[in-house]
Amino acid sequence: VMTAGAPVSPTVLRDFKMLLPESSEIHTPYGATEALPVTDICDQELLKIYENKQNLFQGICVGYPLKDIDLQIIAISDESIEFWENAQIMKTGEVGEIVVCGLNVSQEYLANEKANLKSKIFERGSEKRWHRTGDLGRLDEKGRIWFYGRKSQRVVTKNTTLFTIPCESVINQHPMVSRSALVGVKFQNEHVPVIYIEMVSGIKRTEKLRKELLDLSASNPVTKEIRIVLFLKKFPVDPRHNAKIFREKLAVWVQKQMR
């Protein structure tokens with residue numbers, strides 16, 4: 001079985017495994033429209049990695065780069081990088097943007113130079129074109145990629161940078177939370193992290209629940225800067241992938257509330 005569309009949590013992996021023959025394998029590859037596939041890993045290794053843990057505080061493992069795929073992690077930047085020599089390569093364990101190069105990676109966008117400048121890096125000498133995925137992650141000591149979320153959805157505060165996958169993993173531990181969404185808003189000339197909560201069906205929002213979530217947030221170094229919790233009955237999502245939350249829409253909503 002091969003999955004696609006969004007990261008696969010350990011819980012989903014374990015539950016779905018129970019529906020399949022014992023000899024089956026579940027593969028959870030990673031890729032993008034412009035580069036598919038990029039990595040792969042199967043459930044046997046993943047379930048050993050997670051060791052029956054539910055948390056994804058250090059990202060979610062999406063496996064090893066495939067044969068003939070060159071993959072690097074570069075420093076997080078919203079600026080264009082025209083030439084490869086100007087890209088800063090991150091060390092093992094450091095979070096940065098995932099960039100890839102290979103025969104199945106698109107070379108350019110059709111009639112869209114703005115997108116080319118944003119997402120393509122030219123390597124002089126080799127004539128390679130690297131693709132900036134816009135996804136954040138890190139390489140571990142075994143060469144596996146750990147996904148941290150979209151670059152555009154990170155929240156940069158004056159003290160640190162918060163990433164969606166780790167932060168939401170902390171909050172999702174609460175039994176009354178169906179899922180959560182990290183967003184950032186501007187307030188008094190600073191970026192402020194906010195966590196939206198979609199509750200388990202039948203659960204009502206209460207100040208007691210809000211306090212429990214704030215206490216949970218404060219108890220973990222990953223989320224200790226999050227001091228605003230908001231509730232929403234249903235998240236706006238991609239019509240093709242229920243797991244893909246439109247966090248940008250949530251950010252606009254909360255920004256209006258904070259004026």
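**Local geometry, helix faces and a pocket in a predicted model**

A111 is exposed, with a relative accessible area of 82%. The structure described here is a predicted model, and A111 is found in its loop between β5 (96-101) and α3 (113-119). The backbone at A111 has a phi near 50°, which is a positive value in a residue other than glycine. Most residues other than glycine have a negative phi, and most peptide bonds are trans. Q188 also departs from the negative range, with a positive phi near 55°. Q188 lies in the loop between β11 and β12 and is exposed, at a relative accessible area of 65%. A positive phi of about 50° is likewise found at E51, just after α2. The peptide bond from L36 to P37 is cis, and its omega is near -10°; P37 itself is placed in strand β2.

Strand β2 (residues 35-40) pairs with strand β3 (residues 60-65) in the antiparallel sense, over 2 bridges. Within this pairing, D40 of the one strand stands opposite Y64 in β3. Strand β3 also pairs with strand β8 (residues 145-150), again in the antiparallel sense, over 3 bridges. Here I60 has F147 in β8 as its bridge partner. P65 belongs to strand β3 and is partly exposed, with a relative accessible area of 29%. Leaving aside residues up to four places away in sequence, P65 touches V38, T39, L71 and G143. For V38, the C-alpha atom is separated from that of P65 by 5.7 Å, although the two residues are 27 residues apart along the chain.

Helix α2 (residues 43-50) has D43, L46 and Y50 as its buried residues. Viewed down the axis of α2, these buried residues fall within an arc of 60°, so they line one face of the helix. An α-helix has 3.6 residues a turn, so residues three or four places apart point the same way. The cover over the buried residues of α2 includes α1 (10-17), β3 and β8. Both β3 and β8, which pair with each other, are thus named among the elements that cover this helix.

In helix α6 (residues 247-257), the buried positions are R247, L250, A251 and V254. Seen down the axis of α6, the buried residues fall within an arc of 100°, so one face of the helix is lined by them. Among the elements that cover these residues are α4 (164-171), β11 (177-187), β12 (190-199) and β13 (229-231). Two of these, β11 and β12, pair in the antiparallel sense over 10 bridges, and V183 stands opposite V194 in β12. The hairpin that β11 and β12 form has 2 residues between the strands, and Q188, with its positive phi, belongs to this hairpin.

The loop between β13 and α6 contains I245. At 7% relative accessibility, I245 counts as buried, since the limit for a buried residue is under 20% relative accessible area. The contacts of I245, not counting residues up to four places away in sequence, are Q153, R179, S180, A181, F235, P236, V237 and L250. One of these contacts, L250, is also one of the buried residues of α6. I73 is 172 residues from I245 along the chain, and the C-alpha atoms of the two residues are separated by 24 Å.

Rolling a probe the size of a water molecule over the atoms shows where empty space is left. The second largest pocket has a volume of about 210 Å³. Its lining consists of S152, Q153, R154, V155, V156, L182, V183, G184, H191, R247, E248 and A251. At least two lining residues are supplied by each of β9 (155-156), β11 and α6. By class, the lining divides into 5 nonpolar, 4 polar and 3 charged residues. R247 and A251 in the lining are also among the buried residues of α6. V183, another lining residue, is the one that stands opposite V194 in the pairing with β12. Q153, also in the lining, is in contact with I245.

Technical notes: Residues numbered from 1 in each chain as written. Predicted model: local features only at pLDDT ≥ 70, side-chain atom pairs only at ≥ 80, totals over all residues. Heavy atoms only, no water. Buried < 20%, exposed > 50% of the residue type's maximum accessible area, 1.4 Å probe, protein only. Helix = DSSP H or I, 4+ residues; strand = E, 2+ residues; numbered from the N terminus. Arc of directions from axis to C-beta. Contact = heavy atoms within 4.5 Å. Pairing = 2+ DSSP bridges. 1 Å grid on protein atoms, 1.4 Å probe; cavity = no way out; pocket = protein on both sides within 12 Å on 5 of 7 lines; lining within 4 Å. Points joined across faces, edges and corners; volume = space filled by probe spheres on them. Nonpolar A, V, L, I, M, F, W, Y, C, P; charged D, E, K, R; others polar.
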